[in-house]
Amino acid sequence: MFILRVHSVDTEQPIATTEEIDFYTTTSPSDPNPKFSERRGVVHLYRKASQSSLPNPSSRSTSLFVVAVPNYLSATDFIRFVGPYLDSITYLLFIRNDGIEDRYSVLIELVDQQAADGFYCSLNGKRFSPSEAELCHILFTHSVEYSELGEIAGTPPEGFTELPTCPICLERLDPDTSGIISTFCDHSFQCSCTLKWTYLSCTVCRFCQQQDEKPACSICGSVENLWVCLMCGFLGCGRYKEGHAVRHWKDTQHCYSLELISQQIWDYVGDGYVHRLNQSKVDGKSVEMNSRCLSMEGNGDDSGINEAIYSSKVEAIFDEYSRLLATELEKQRQNYESLLAEAKIKRDSLVAEAVEKAVTSEMQDIQSKLDKRTEEKNALAEINHNLIKNQQVWREKVKEIEEREASQLRLKDEKILELEEQVS
């Protein structure tokens, strides 16, 4: 199931050149009123993430979307291309983007489901011109919304994922994802074939063309394990480096990313590869991974190609699981190293705490003993002071007693002398 959101500040303008009006009137005389208009804007294509994009009874509608029409095909040429169904078309809108000069899109409304089914079966996968390689890719759409705000138009509705509108990038995706069944793999998926779009307005296709230049991650400058967003062309390193491609998906919800080296496409939402083609390990040619590849040289029933497809699938799965295993082992190593570091920090903290506690306790004991000895010293000093003070008092008393005894002795001696004088 597909829906469209168009960022447009323009209004629909009827196609009014004399040549085209005469052509419409001549081609469809039963309906001479112009039912063809033009509008400028940026188309955002969304698909239901949980369902296959291939047509089924529940996904069909009377509204059809032609993804990309090469610019060498004028509006008149496109009307001639859908000429047999003009009487069944009630509305036809050419949507042109000023930033994309090599292609435009077309929105078509038909009278009923039978007419829409006939239009789809007859023209889907058909070449626009016998001498050119571009195919007409048609999708059933269930709704079309117009918004003047780019943020609203570029935000996927809940349960939907955005698809690229570049035909080459869209053809790279498997049919269940893109809804595109018919492709010519011999020209659509090799870098040289992107030259068919003269101006190379798609950033992804330009990256494929710039084989002489060495691309680098837009954030960290890494030149290894690079992935380019199919929606906006953001170039970032993979999860085995700094993971800037994954962060871009988380920030923008652009879930499809192309690995530059292998040309494989990863779906971050579905967590798996969704590319249509892979390089054969036998001869290096492009072969189809998810559906049968249509080729101008034949139908590709060669057993060697089948073996190459199987080998490529097995090798892709093996490589992915090897990377996942290496990543998980690296995560476990980092985890155990962090645990060891935490344990060491905790041990050092406990040791430091124990040492500090022991030192504090010892200091407290020493301080307590010092205080006690200080008190004892002060007490002894006080006693000594008192003793010294008492000693002076007693010395004075002793001196007084000695003086008194000496006085008494003198008095006694004088009395004795006096008595002796009396006796004699």
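Is E134 buried or exposed? At 3% relative accessibility E134 counts as buried, because the cut-off for buried is under 20%. I will come back to that residue after a short overview. Please keep in mind that this is a predicted model.

The protein has 424 residues, and 39% of them are buried. There are 10 helices and 16 strands. If we take the contacts between residues at least 6 apart in sequence, 66% of those join residues at least 24 apart.

Now back to E134. Its place is the loop between α3, residues 113–123, and β8, residues 138–147. The side chain of E134 makes a polar contact with the side chain of Y72, at 3.0 Å.

N124 belongs to that loop between α3 and β8 as well. With a relative accessible area of 18%, N124 counts as buried, since the limit is under 20%. The side chain of N124 reaches the backbone nitrogen of I138 at 2.9 Å. Beyond four places in sequence, N124 touches F119, C136, H137 and I138.

Next, the helix that leads into this loop. What caps the N-terminal end of α3? The cap is D112, with a side-chain oxygen 3.3 Å from the backbone nitrogen of Q114. Within α3, the buried residues are A115, A116, D117, F119, Y120 and L123. In an α-helix there are 3.6 residues a turn, so residues three or four places apart point the same way. The buried residues of α3 pack against four strands and one helix by name: β5 (63–70), β6 (89–96), β7 (103–110) and β8, plus α2 (75–81). Just after α3, G125 takes a positive phi of about 85°.

On to the cores. Nonpolar side chains tend to be buried together in soluble globular proteins. Here the largest nonpolar core holds 43 residues, and the members that touch the most others are L173, L230 and Y256. The element giving the most to this core is strand β10, residues 226–229, with 4 residues. A second core, separate from that one, has 29 residues, including V69, A75, F78 and L92.

Let me take two of those central members in turn. Which residues does L173 touch, leaving out those up to four places away in sequence? They are L163, P164, S178, L230, Y256, I265, V274, H275 and R276.

Y256 is in strand β12, residues 256–259. Y256 counts as buried because its relative accessibility is 0%. The side chain of Y256 also makes a polar contact, at 3.5 Å, with the side chain of T161. From Y256 to W266 is 10 residues in sequence, and their C-alpha atoms are 5.7 Å apart.

M231 is another residue that meets Y256. M231 sits in the loop between β10 and β11, residues 235–237. Its contacts beyond four places in sequence are E162, L163, P164, H254 and Y256. The C-alpha atoms of M231 and T203 are 9.0 Å apart, with their positions 28 residues apart along the chain.

Two backbone points. Most residues other than glycine have a negative phi. N225 has a positive one, near 50°. N225 lies in the loop between α8, residues 203–209, and β10, and N225 is buried with a relative accessible area of 13%. D271 is not a glycine either, and its phi is positive at about 55°. D271 is in the loop between β13, residues 265–267, and β14, residues 272–273.

Last, the cavities. How many cavities of 30 Å³ or more does the structure hold? The count is 6. The largest cavity has a volume of about 100 Å³. Its lining consists of W227, G238, R239, Y240, V246, W266, Y268, Y273, E320 and R323. By type, that lining divides into 6 nonpolar residues, 1 polar and 3 charged. W266, which I mentioned for its C-alpha distance to Y256, is one of the lining residues.

To finish where I began: E134 is buried at 3% relative accessibility, and its side chain has a polar contact with that of Y72.

Note on methods:
Residues are numbered from 1 along each chain as its sequence is written. This is a predicted model: local features need pLDDT of at least 70, side-chain atom pairs count only at pLDDT 80 or more; totals for chains, interfaces and linings use all residues. Side-chain values use heavy atoms; hydrogens and water are left out. A nonpolar core is a set of buried Ala, Val, Leu, Ile, Met, Phe, Trp, Tyr and Cys residues joined through side-chain atoms within 4.5 Å. Buried means under 20% relative accessible area, exposed over 50%, partly exposed in between (1.4 Å probe, protein chains only). Helices (H or I, at least four residues) and strands (E, at least two) are DSSP runs, numbered from the N terminus. Contact means heavy atoms within 4.5 Å. A polar contact is a pair of N or O atoms within 3.5 Å; within protein, one must be able to donate a hydrogen and the other to accept it, and residues adjacent in sequence count only if both atoms are side-chain atoms. On a 1 Å grid over the protein atoms alone, a cavity is a set of points where a 1.4 Å probe fits but cannot get out, and a pocket is an open set with protein on both sides within 12 Å along at least five of seven lines; lining residues have an atom within 4 Å of a point. Grid points are joined across faces, edges and corners, and a volume is the space filled by probe spheres set on the points. Ala, Val, Leu, Ile, Met, Phe, Trp, Tyr, Cys and Pro count as nonpolar, Asp, Glu, Lys and Arg as charged, and the others, Gly among them, as polar.
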